[in-house]
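User: I would like to go through the cysteines, aromatic rings and nonpolar cores of this model. Please keep the answers short and reasoned.

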Amino acid sequence: APAEGRWTTVSETMAIDDCNMTEFVASGPGNVLEIDVRSASDFRITDRFGDADCSYEDTTFACDTRRVEDDTPEADYGLAAVILLDLTATCDFAGTDYLSMQTDIDVTCTGADCWIVEIATAEFPCTMRVLTEAAAD
């Protein structure tokens with residue numbers, strides 16, 4: 001089982017950024033994750049995007065897809081647009097205190113002003129992939 005408690009990212013990079021949103025998604029090292037071990041095969045990971053329920057076997061794990069709603073276009077610019085990000089993470093543990101995680105992100109937009117958001121980013125739907133390495137504190 002992975003170490004329970006606080007983890008800190010060592011690196012975070014964009015492997016795929018078809019959405020032109022790197023600066024909004026990959027924020028580099030130093031982010032905090034929390035791992036809550038639920039059973040011999042299940043745990044919850046909590047990060048800046050919220051909670052994800054995950055299951056693991058040996059040294060690999062997969063997490064349920066979670067939806068994050070980004071209201072930045074509306075909150076910061078008054079646009080009728082919400083960016084929807086569906087995140088699916090898979091991972092390998094190197095021991096109990098180090099992980100390498102791949103998060104695939106499918107991005108869509110809802111609202112009448114999504115076309116304006118596309119001008120600043122990319123045509124929706126689009127895809128991103130974030131590679132994260134983290135160590136238990």
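**Cysteines, rings and cores**

Analyst: Start with the cysteine Cys91: its closest cysteine sulfur belongs to Cys63, and at 7.6 Å that is too far for a bond. The model is a predicted one.

User: Is Cys91 buried or exposed?
Analyst: Its relative accessible area is 5%. The cut-off for buried is under 20%. Cys91 is therefore buried.

User: How many disulfides are there, and what is their pattern?
Analyst: Sulfur atoms within 2.5 Å count as a disulfide. By that rule there are three disulfides. Counting bonded cysteines along the chain, the pattern is 1-6, 2-3, 4-5.

User: Which cysteine does Cys19 pair with?
Analyst: The S to S distance in this disulfide is 2.0 Å. Cys19 sits in the loop between β1 (5-17) and α1 (22-25), and its partner is in strand β9, so the bond ties together parts 107 residues apart in sequence. The partner is Cys126.

User: Is the disulfide of Cys19 and Cys126 right-handed or left-handed?
Analyst: Cys19 is buried at 0% relative accessible area. Cys126 is buried too, at 7% relative accessibility. The torsion about their S-S bond is about 115 degrees, so the disulfide is right-handed.

User: What is the torsion about the S-S bond of Cys54 and Cys63?
Analyst: These two cysteines form a disulfide with sulfur atoms 2.0 Å apart. Cys54 is buried at 4% relative accessible area, and Cys63 is buried at 7%. The disulfide is right-handed because the torsion is about 90 degrees.

User: Is the disulfide of Cys109 and Cys114 right-handed or left-handed?
Analyst: Cys109 and Cys114 are joined with an S to S distance of 2.0 Å. Cys114 is buried, with a relative accessible area of 9%. The torsion about the S-S bond is about -85 degrees, so this disulfide is left-handed.

User: On to the rings. How many aromatic pairs does the whole structure hold, and what kind is the pair of Phe43 and Phe61?
Analyst: The search finds six aromatic pairs. In the pair of Phe43 and Phe61, the ring centres are 4.9 Å apart and the planes lie at 85 degrees. Planes over 60 degrees apart count as edge-to-face. The pair of Phe43 and Phe61 is therefore edge-to-face.

User: How many residues apart in sequence are the parts that Phe43 and Phe61 tie together?
Analyst: Phe43 is buried at 1% relative accessible area. Phe61 is buried at 4%. Phe43 lies in strand β3 (residues 42-47) and Phe61 in strand β5 (residues 60-63), so the parts they tie together are 18 residues apart.

User: What kind of pair do Tyr56 and Phe93 make, and which strands does the pair link?
Analyst: Their ring centres are 6.5 Å apart and their planes are at 75 degrees, so the pair is edge-to-face. The two residues are 37 apart in the chain. Both are buried. Tyr56 is in strand β4 (residues 50-57) and Phe93 in strand β7 (residues 82-93), so the strands linked are β4 and β7.

User: Which residues do ring pairs link into a cluster?
Analyst: Among the rings already met are Phe43 and Phe61, an edge-to-face pair. Tyr56 and Phe93 make another edge-to-face pair. The cluster consists of Trp7, Phe43, Tyr56, Phe61 and Phe93.

User: Now the cores. Which elements give two or more residues to the largest nonpolar core?
Analyst: This core has 20 residues. Those touching the most other members are Met21, Val25, Leu85, Ile105, Val107, Phe124 and Met128. The elements giving two or more residues are β7, β8 (98-110), α3 (114-120) and β9.

User: How many residues are in the second core?
Analyst: This core is separate from the largest one. Its members include Leu33, Phe43, Ile45 and Met101. The count is 16 residues.

User: Leaving aside neighbours within four places in sequence, which residues does Val25 contact?
Analyst: Val25 is one of the residues touching the most other members of the largest core. Ile105 and Met128 are also on that list. Its contacts are Glu12, Met14, Arg48, Phe49, Ile105, Met128 and Val130.

User: Is Thr132 buried or exposed, and which residues does Thr132 contact beyond four places in sequence?
Analyst: Thr132 lies in strand β9 (residues 126-136). At 4% relative accessibility, Thr132 is buried. Its contacts are Thr9, Ser11, Glu12, Leu99, Ser100 and Met101.

How values were computed:
Residues numbered from 1 in each chain as written. Predicted model: local features only at pLDDT ≥ 70, side-chain atom pairs only at ≥ 80, totals over all residues. Heavy atoms only, no water. Helix = DSSP H or I, 4+ residues; strand = E, 2+ residues; numbered from the N terminus. Buried < 20%, exposed > 50% of the residue type's maximum accessible area, 1.4 Å probe, protein only. Contact = heavy atoms within 4.5 Å. Phe/Tyr/Trp six-rings, centres within 6.5 Å; stacked < 30°, edge-to-face > 60°. Core = buried A, V, L, I, M, F, W, Y, C linked by side-chain atoms within 4.5 Å.
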